[in-house]
Amino acid sequence: MARFQFVVNGRSHTIESEADTPLLWVLRDQLGLKGTKYGCGVAQCGACTVHLNGRAVRACVQPIAAVAGQRVVTIEGLSGGGDHPLQQAWIEENVPQCGYCQTGQIMQAADLLSQHPHPSDDQIAEAMAGNLCRCGTYERIRRAIRRAARAPAKRSK
């Protein structure tokens, strides 16, 4: 076991863990942040997407040793009260079906909008290609991203 310090959703944390423990398990099991989901475990589905220093990464394959000293944002930290334009657009477009992949979808979309505030359809397709939805809500996801892009800017990360 080793000690690792990092910032999650604006709060500093020091945890003890094996160096190769995935960030996902530290977030869920040690910090109690259950919004980030386990999907495939090999960075192929995007259910575990979080932001590491402002960019979308797959928490299931990020060893905690690689995250030490860095800044992580989970779905719980995306906005104070669930009022991020993407979260609002998700509700307005009735995106979730089973909901399992949605936190990863939103975190990936937030990364997209931070880089491209008014993304083209091709940019949306490219950015979201690695996030899978078993329910097939892809069109609603795209509509929500377009709606959020039109919303007044409040895209904290």
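User: Let's start with two helices. What is the handedness of the crossing of helix 4 and helix 5?

Analyst: Happy to help, and please keep in mind that this is a predicted model. Helix 5 covers residues 121–128, and its axis comes within 10 Å of the axis of helix 4. The handedness of their crossing is right-handed.

User: At roughly what angle do the axes of helix 4 and helix 5 cross, and what does that make helix 4 relative to helix 5?

Analyst: The two axes cross at roughly 135°. Angles over 145 degrees would count as roughly antiparallel, and 65 to 115 as roughly perpendicular. The crossing angle falls in neither range, so helix 4 is oblique to helix 5.

User: Which residues of helix 5 make the contact with helix 4, and how do the contact residues divide?

Analyst: Let's begin with the division: the residues of this contact are five nonpolar, three polar and no charged. Helix 4 brings Gln105, Gln108, Ala109 and Leu112. From helix 5 come Gln123, Ile124, Ala127 and Met128.

User: Now for helix 3. How far apart are the axes of helix 3 and helix 4, and at what angle do they pack?

Analyst: Helix 3 spans residues 85–92 and helix 4 spans residues 102–115. Their packing angle makes helix 3 oblique to helix 4, and helix 3 passes helix 4 in a right-handed crossing. The axes are 10 Å apart, and the angle is about 130°.

User: Which residues in helix 3 meet helix 4?

Analyst: On the helix 4 side, the residues met are Gln102, Gln105, Ile106, Ala109, Ala110 and Leu113. The residues of this contact divide into six nonpolar, three polar and no charged. The helix 3 residues are Leu86, Gln87 and Trp90.

User: Is Glu93 buried or exposed?

Analyst: You can find Glu93 in the loop between helix 3 and helix 4. Its relative accessibility is 13%. Buried means under 20%, so Glu93 counts as buried.

User: Which side chain does the side chain of Glu93 make a polar contact with?

Analyst: Leaving out residues up to four places away in sequence, Glu93 touches Arg140, Arg143, Ala144 and Arg147. One of these takes part in a polar contact with the Glu93 side chain, at 2.9 Å. That partner is the side chain of Arg143.

User: What is the phi of Asn9 near?

Analyst: Most residues other than glycine have a negative phi. Asn9, in the loop between strand 1 (2–8) and strand 2 (11–17), has a positive value. With a relative accessible area of 25%, Asn9 is partly exposed. Its phi is near 50°.

User: Where is Asn53, and what is its phi near?

Analyst: Asn53 sits in the loop between strand 3 (49–52) and strand 4 (55–58). At 40% relative accessibility, Asn53 counts as partly exposed. Its phi is a positive value in a residue other than glycine, near 55°.

User: Which side chain makes a polar contact with the side chain of Ser12?

Analyst: Ser12 lies in strand 2 and counts as partly exposed, at 46% relative accessibility. Leaving aside neighbours within four places in sequence, Ser12 is in contact with Gln5, Phe6 and Val7. The polar contact, at 3.0 Å, is with the side chain of Gln5.

User: What distance separates the C-alpha atoms of Ser12 and Leu132?

Analyst: Along the chain, Ser12 and Leu132 are 120 residues apart. In space, their C-alpha atoms are separated by 31 Å.

Key:
Residues are numbered from 1 along each chain as its sequence is written. This is a predicted model: local features need pLDDT of at least 70, side-chain atom pairs count only at pLDDT 80 or more; totals for chains, interfaces and linings use all residues. Side-chain values use heavy atoms; hydrogens and water are left out. Axes are lines fitted to C-alpha atoms, for helices over the stretch in contact, and angles run from 0 to 180 degrees between N-to-C directions. Helices (H or I, at least four residues) and strands (E, at least two) are DSSP runs, numbered from the N terminus. Angles under 35 degrees count as roughly parallel, over 145 as roughly antiparallel, 65 to 115 as roughly perpendicular and the rest as oblique. A crossing is left-handed if the near helix is turned anticlockwise from the far one by less than a right angle, and right-handed if clockwise. Contact means heavy atoms within 4.5 Å. Ala, Val, Leu, Ile, Met, Phe, Trp, Tyr, Cys and Pro count as nonpolar, Asp, Glu, Lys and Arg as charged, and the others, Gly among them, as polar. Buried means under 20% relative accessible area, exposed over 50%, partly exposed in between (1.4 Å probe, protein chains only). A polar contact is a pair of N or O atoms within 3.5 Å; within protein, one must be able to donate a hydrogen and the other to accept it, and residues adjacent in sequence count only if both atoms are side-chain atoms.
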